[in-house]
Every structure is written in structure tokens, then in C-alpha cells.
Amino acid sequence: MDHRLVRRGFPGLAAIAGRLLSPTSARDTTRPVKIHEYQAKAILASYQVPIPQGEVACNAGEAGTLARRLGGTVVVKAQIHAGGRGKGGGVKLARSPEEAEVIAGEMIGMKLVTHQTGPEGREVKRVLVEQGLQIARELYLGLVIDRAAERPVMMASPAGGMEIEKVAEETPDLIFKEYIDPRVGFQPFQARKLAFALGLAGPSVNKAATLMGAVYKAFTGTDASLVEINPLVVTADGEMLALDAKMTIDDNALYRHETVRELRDLAEEDPLEVEASKYSLNYIRLDGTIGCMVNGAGLAMATMDIIKLAGGEPANFLDVGGGANAEQIRNAFKILMSDQNVRAVFVNIFGGILRCDVLAEGLVKAVRELSVKVPIVIRMEGTNVEKGKQMLQESGLNFTTADRMDEGAAKVVALSKAAAAGR
């Protein structure tokens with residue numbers, strides 16, 4: 001499996017899921033809807049999760065005005081869909097409104113590069129201006145679905161503020177977990193257990209328990225697939241607040257949450273993935289050179305695995321679905337060919353609901369209309385397979401066929417490498 005599929009969520013919890021939960025839970029291929037930190041905090045606040053005072057600004061003048069309103073030291077935080085902003089210069093302290101204005105002016109419009117954005121970075125279009133806090137402790141709190149256990153799991157760690165991936169790798173004993181039975185919900189004794197594991201005592205235990213319960217309500221109330229608070233801070237006067245927050249929402253549940261749907265920032269998403277969603281295609285862009293077009297998520301995962309086994313690198317996850325028609329096949333190919341890194345394409349279809357002759361019709365039409373130049377390897381089995389193969393053969397186009405997955409993977413890897421060498 002290519003772990004970019006995991007990284008399409010927020011890597012903090014994804015890393016923990018991959019290391020501390022079962023492998024099945026890390027093989028999630030859904031397309032969660034990400035939202036900005038300020039949006040996540042607004043949702044959490046609506047469920048009574050304490051957050052710092054703050055507002056979002058789209059220009060330097062607004063940032064200065066907000067800093068004056070808050071008074072004292074403020075924090076200016078770039079709003080992009082990626083972690084590691086502090087190390088990239090996207091989180092800075094301002095001790096005066098004038099300084100906040102200068103910092104915001106420098107941030108807005110910059111390309112912020114972090115370990116999660118890749119070298120291309122993300123353009124900052126807005127900043128969050130928040131009150132400064134006297135922090136006594138930094139903790140970690142996260143909630144995610146363990147798909148193997150078929151239930152949510154609340155995770156907490158005293159190593160807040162650090163890269164949780166590093167904590168999971170080097171000191172997994174510092175991450176504590178409580179599995180939640182969805183029939184009864186998150187229980188107070190579980191919250192207290194986590195609070196004690198974090199080393200909290202006295203009134204802080206009850207505050208932590210109340211906060212965790214509110215986070216769980218926000219998680220279930222919005223059909224979230226992930227909530228991550230890092231750090232969850234204890235202030236010098238004993239208050240507990242979500243200093244940072246990340247949320248992703250299950251896109252299958254958006255019909256129940258119109259207000260959440262409106263929070264989606266398409267400018268923060270991969271343009272090809274946005275385009276694919278218009279055609280109901282399940283597409284995730286990766287870093288390889290072999291384009292994949294498959295029907296069925298499980299077969300798509302197996303296809304990427306077998307390409308890796310053959311020595312290649314998949315350029316994408318693309319599930320056209322069982323009910324795809326010729327037009328949808330054309331749209332899928334258009335998405336594949338829009339990725340300039342693709343050197344060859346592997347079409348791996350089991351013709352059940354999607355008949356092989358319909359697939360062949362769509363492929364021939366797409367290759368002709370789009371003037372596809374890269375080599376294409378096709379392995380298909382199922383309904384009307386002989387008719388489909390005949391249509392491909394009579395098309396006069398340069399298709400390479402295979403009878404088995406491993407044979408197809410070997411052929412497409414060889415063609416990809418030859419195409420790369422010839423460039």
C-alpha cells in the first residue's frame with residue numbers, strides 16, 4: 001500500500017492509526033472533507049469545548065484591528081490544510097497590534113512550506129488572530145475511527161505540542177487509548193482514566209473529562225472521521241483549552257450537514273481530485289508514474305500493491321465504481337491524463353455491473369478524443385469479456401492486454417520505465 005492514502009487525512013492521527021491500531025484501520029480510502037483550524041474551533045466551541053478568543057483575518061488591516069480588540073500579546077496563525085505550520089513560519093507571536101499587522105501582511109499571500117505540504121507549499125489566504133495564553137502544560141487529544149474494531153477510539157498523550165508521528169514511533173507508551181462502544185457513547189469513567197494517565201489531578205481531572213465528553217459529542221454530532229487537538233493546553237490559572245484543532249468530516253454524511261458542506265475550501269484541495277469529484281469518481285493523486293483505473297476500492301488497493309511489487313509506483317488511486325458508463329470512463333481517463341507525471345496506464349477491471357464491452361467502448365472513445373500517447377495496459381475479466389477484447393483489437397489503437405493482474409503489472413511497469421527512459 002502507498003501510504004500517501006493515509007497521509008490524505010491529517011497525518012498526526014493517521015500515523016498513530018498506522019502504528020498502534022490494526023493495519024486494516026490505516027487502509028482507509030475515503031475522501032474526508034478537511035476544514036480550517038478556525039472552522040474546527042468554531043464547531044468545537046458550539047459543543048462547549050473551550051477555545052481561545054480569536055477571529056480570522058483576510059488582510060493585514062483586519063489582523064491589526066483584531067489584535068487591538070483582543071489586547072496584549074496575540075498569536076497570528078496561517079490557515080492552510082496542513083500541519084507543521086510553526087516550523088514553516090506560519091505561527092508567530094505579536095506583542096502589539098502593529099506587530100500583528102506586519103506579521104499578517106507577510107503571511108497572507110506567502111507560500112507556506114511544511115513537511116505535509118510538499119516542496120510546492122500552500123498559499124496563505126487568511127490568518128487566525130488569537131489571544132496569547134500563559135501555558136503550563138501541553139497535552140495531546142485525538143479521536144478517530146478504528147475500522148478493525150468498528151468503533152471510535154479516544155487517544156491522549158502527555159507529549160502534546162510535539163509531532164505526534166514521532167511520539168508514536170519512538171515512545172508509543174506515552175499514547176493512551178480508550179475504545180468507545182457507539183451504543184453507549186464515551187463514558188465518564190473512560191475520560192477520568194485518560195485524565196489520570198495524563199498526570200492530571202484535582203479540578204483538572206473533571207475539566208479534562210468534561211472537555212473530552214464535549215469533543216466526543218462534536219465528533220458524533222458532525223459525523224467526523226477525525227478530531228485532533230494538539231496541543232490541548234493547561235494554562236497557568238488551571239484552565240484547559242484547545243489551542244489547535246483539526247477536523248475532517250465524512251463526505252458520505254454531508255447531506256446531513258449543510259453548514260459543514262459550506263466550509264469546504266476547494267482552493268486547498270488537489271485540483272484533479274476536485275475535478276474527479278464532479279463526476280463521482282473516487283480519485284486520490286499520488287507521486288508515482290503509473291496511472292491506475294479500476295472498479296472497486298478493494299481491487300484498486302490490490303492493483304496499487306501489485307504495481308509496487310512489480311517495481312513501479314502508482315500515480316493515483318482511481319475507483320470508477322461498479323456502475324460506470326462509457327462517458328464516465330472517458331472522464332476518468334481525462335483525469336488520468338491531466339497528471340503530467342503519468343508515463344503509462346494500467347486498466348484493471350472486473351466486469352460485473354460494469355460490462356467489459358462498455359469499458360472497451362469508453363476506453364476507445366477516450367483514447368481517440370484525448371489523443372492519448374502513453375502506453376495502456378488492459379486486464380479485464382467478467383461479463384462480455386470476449387466482446388470487449390474484440391472491440392479493443394478492432395479499434396486499431398495500441399492497447400496492450402493481459403490475462404492476469406501480475407502479468408499486467410509487469411507489462412505496465414516495463415512500459416513506464418521505457419517511456420521514462422525515452423524522454
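Here are some short exercises, each with a worked solution, on a predicted model.

**Exercise 1. Work out the strand order of the open four-stranded sheet, and find which strands stand at its edges.**

Step 1: Begin with the order. The open sheet of four strands reads β2-β7-β3-β4, and its pairing is antiparallel.

Step 2: Look at the ends of that order. β2 (54-57) and β4 each have a single partner strand, so one side of each is left without a neighbour in the sheet.

Step 3: Add the twist. From one strand to the next, it averages 25°.

Step 4: Zoom in on one pair. β3 and β4 run antiparallel and are joined by four bridges. Across this pairing, valine 75 stands opposite leucine 93 in β4.

**Exercise 2. Find which strands helices α3 and α5 lie across.**

Step 1: Take α3, residues 37-46. This helix lies across β2, β3 and β7, and runs at about 50° to β7.

Step 2: Turn to α5, residues 97-107. This helix lies across β3, β4 and β7, and its angle to β4 is about 160°.

**Exercise 3. Describe the lining of the second largest pocket.**

Step 1: Start with the volume, which is about 800 Å³.

Step 2: Find the centre. The lining has 32 residues, and the closest to the centre are Gly86, Gly161, Asn230, Pro231 and Asp244.

Step 3: Ask which elements contribute. At least two lining residues come from each of β3 (74-78), β4 (91-94), β7 (127-131), β8 (135-146), α6 (164-170) and β11 (224-235).

Step 4: Sort the lining by class. There are nine nonpolar, twelve polar and eleven charged residues.

**Exercise 4. Locate the cis peptide bond, and the positive phi of glutamate 150.**

Step 1: Recall the usual case. Most peptide bonds are trans, and most residues other than glycine have a negative phi.

Step 2: Find the cis bond. It joins asparagine 230 and proline 231, with omega at about 10°. Proline 231 lies in strand β11, and both Asn230 and Pro231 are among the residues closest to the centre of the second largest pocket.

Step 3: Check glutamate 150. Its phi is positive, near 60°, and glutamate 150 sits in the loop between β8 and β9 (151-157).

**Exercise 5. Classify the aromatic pair and say which parts of the chain it links.**

Step 1: Count first. The structure holds one aromatic pair.

Step 2: Use the geometry. Phenylalanine 186 and tyrosine 216 are 6.2 Å apart, centre to centre, with 40° between the planes. Planes under 30 degrees apart would count as stacked and over 60 as edge-to-face, so the rest are tilted. This pair is therefore tilted.

Step 3: Place both residues. Phenylalanine 186 is in the loop between β10 (176-179) and α7 (188-197), while tyrosine 216 is in helix α8 (residues 203-221). The two are 30 residues apart, so the pair links distant parts of the chain.

**Exercise 6. Count the cavities of 30 Å³ or more and describe the second largest.**

Step 1: The count comes to two.

Step 2: The second largest cavity has a volume of about 90 Å³. Of its 13 lining residues, Glu37, Ile80, Ala82, Ala245 and Lys246 are the closest to the centre.

Step 3: By class, the lining of this cavity has six nonpolar, three polar and four charged residues.

Technical notes
Residues numbered from 1 in each chain as written. Predicted model: local features only at pLDDT ≥ 70, side-chain atom pairs only at ≥ 80, totals over all residues. Heavy atoms only, no water. 1 Å grid on protein atoms, 1.4 Å probe; cavity = no way out; pocket = protein on both sides within 12 Å on 5 of 7 lines; lining within 4 Å. Points joined across faces, edges and corners; volume = space filled by probe spheres on them. Nonpolar A, V, L, I, M, F, W, Y, C, P; charged D, E, K, R; others polar. Pairing = 2+ DSSP bridges. Axes fitted to C-alpha atoms, helices over the stretch in contact; angles between N-to-C directions. Contact = heavy atoms within 4.5 Å. Phe/Tyr/Trp six-rings, centres within 6.5 Å; stacked < 30°, edge-to-face > 60°.
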